[in-house]
Amino acid sequence: MAVTHDVPDQLGELVTTAHRIREAIESVIEGKGDAVRLTLTVLLAEGHLLIEDVPGVGKTMLAKALARSIDCPVRRVQFTPDLLPSDITGVSAYNQQTREFEFKPGPVFANIVVGDEINRASPKTQSALLECMEERQVTVDGRTYQLDAPFMVIATQNPIEMEGTYPLPEAQRDRFTARVAMGYPEPTAELEMLDVHGGTSPLDRLKPVATTSEVRALIEAVRGVYVSQPVKKYAIDLVVATRHSPDLRLGASPRSTLQLVRAARAHAALSGRDYVIPDDLQELAVPVLAHRLLPSVEAQGQRRLPEQVVTELLRRVPVPETRAS
């Protein structure tokens with residue numbers, strides 16, 4: 001029986017709503033369409049985003065713009081060396097009136113959590129995010145508290161060679177669905193930024209264009225996007241290739257395979273398709289896989305970045321022949 005791929009009404013609404021959110025973000029962030037699209041892809045894939053670059057290129061601005069575009073609880077955490085895990089997850093405090101301990105929720109109890117300069121906090125504090133990012137829950141003093149959906153962590157970090165930074169542990173990096181680098185804007189975009197941002201911040205004028213329930217519906221629609229067996233095998237082949245590459249001493253985890261396919265579903269939906277094609281995986285392979293990989297000593301000596309290794313693997317791994325019907 002043939003599989004039909006007519007875009008259903010739900011996906012049509014997804015594209016419309018996502019377009020509104022994208023336009024709202026791009027009214028604040030000029031000339032970064034690819035970064036904005038990846039941010040929306042990660043949101044609809046129920047993932048988390050790591051934004052890495054030098055200071056002053058709009059990392060926090062992108063995170064805040066997405067947060068303000070959606071009418072949902074948003075909390076921001078400034079990571080510093082003296083930040084404690086309980087400052088993120090919350091703490092049980094003794095109430096003298098009731099003579100009982102009461103849980104005071106931390107900033108992680110929000111739909112979108114913006115972690116600014118995450119790698120300026122100690123590894124112990126960074127690890128406070130591990131449980132909530134993977135399991136959507138927080139355990140404090142033996143009690144488990146569920147986090148509301150949608151839940152997304154958008155973290156910014158400075159390059160690790162900059163002063164006062166701690167490298168993110170491998171387990172922490174693996175929790176992030178994708179990593180994006182903002183890069184410096186084009187001169188025309190920077191000139192427009194001077195005109196737009198010269199007086200007041202456009203963030204102050206940004207109003208929500210989507211509700212929490214709409215985002216939940218979009219996520220549900222993305223879950224229904226079809227992935228054929230050849231495309232699933234192609235995703236596995238790409239990930240397995242990283243584990244056998246002589247240029248890498250740490251390949252991608254099984255979690256990365258799952259997140260690559262989830263992101264591909266969201267990418268296809270944003271393109272108006274209810275099925276995934278190899279092109280979706282190819283576009284997302286570098287942002288989804290590269291930050292999880294560790295180069296070998298030889299690759300480091302040759303200054304070969306994981307992004308370059310993934311790009312080469314994309315050329316070498318055979319692409320399956322798929323049909324839309």
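# A walk through cavities, rings and unusual backbone spots

By class, the second largest cavity is lined by seven nonpolar residues, one polar residue and no charged residues. That is our starting point in this predicted model.

**Stop 1: the second largest cavity.** Select Val77, Phe79, Ile88, Val113, Val114, Gly115, Leu129 and Val153, and you have the lining in view. The space they surround has a volume of about 30 Å³. Which strand gives the most to this lining? Colour residues 112-116 to find out: this is strand β6, which contributes three residues. If you wonder how such spaces are found, rolling a probe the size of a water molecule over the atoms shows where empty space is left.

**Stop 2: the largest cavity.** A search of the whole structure turns up two cavities of 30 Å³ or more, and the largest has a volume of about 40 Å³. To see its lining, select Leu43, Ile70, Cys72, Asn111, Ile112, Pro150, Met152, Thr212 and Val215. How many of the lining residues here are nonpolar, polar and charged? The count is seven nonpolar, two polar and no charged residues.

**Stop 3: Pro150.** Keep Pro150 selected, since this residue is part of the lining you have just seen. Now add Ala149 and look at the link between the two: Ala149 and Pro150 are joined by a cis peptide bond, with omega at about -5 degrees. Pro150 itself sits in the loop between β8 and β9 (152-157). For context, most residues other than glycine have a negative phi, and most peptide bonds are trans.

**Stop 4: two positive phi angles.** Next, pick Glu117, whose phi is near 55 degrees, a positive value in a residue other than glycine. You will find Glu117 in the loop between β6 and α5 (123-126). With a relative accessible area of 21%, Glu117 is partly exposed. Then move to Arg136, another residue other than glycine with a positive phi, near 55 degrees. Arg136 lies in the loop between α6 (130-135) and β7 (137-140). Its relative accessibility is 22%, so Arg136 counts as partly exposed.

**Stop 5: the aromatic pairs.** Switch on the side chains of the aromatic residues; the whole structure holds three aromatic pairs. One of them is Tyr94 with Phe101, an edge-to-face pair at 5.3 Å centre to centre and 65 degrees between the planes. Are these two rings buried or exposed? Tyr94 counts as partly exposed because its relative accessibility is 46%, while Phe101, at 63%, counts as exposed.

Now select Phe103 and Tyr145, a stacked pair with 4.1 Å centre to centre and 10 degrees between the planes. Phe103 belongs to strand β5 (residues 100-105) and Tyr145 to strand β8 (residues 143-146), so this pair ties together parts that are 42 residues apart in sequence. Both Phe103 and Tyr145 are buried. Add Phe109 to the selection, and you have one aromatic cluster made of Phe103, Phe109 and Tyr145.

**Stop 6: a charge over a ring.** Finish the tour at Tyr275 and Arg273. What lies over the face of Tyr275? Turn the view until you look down on the ring: Arg273 lies over that face, at 5.8 Å from the ring centre.

Note on methods: Residues numbered from 1 in each chain as written. Predicted model: local features only at pLDDT ≥ 70, side-chain atom pairs only at ≥ 80, totals over all residues. Heavy atoms only, no water. 1 Å grid on protein atoms, 1.4 Å probe; cavity = no way out; pocket = protein on both sides within 12 Å on 5 of 7 lines; lining within 4 Å. Points joined across faces, edges and corners; volume = space filled by probe spheres on them. Nonpolar A, V, L, I, M, F, W, Y, C, P; charged D, E, K, R; others polar. Helix = DSSP H or I, 4+ residues; strand = E, 2+ residues; numbered from the N terminus. Phe/Tyr/Trp six-rings, centres within 6.5 Å; stacked < 30°, edge-to-face > 60°. Buried < 20%, exposed > 50% of the residue type's maximum accessible area, 1.4 Å probe, protein only. Lys NZ or Arg CZ within 6 Å of the ring centre and 35° of its normal.
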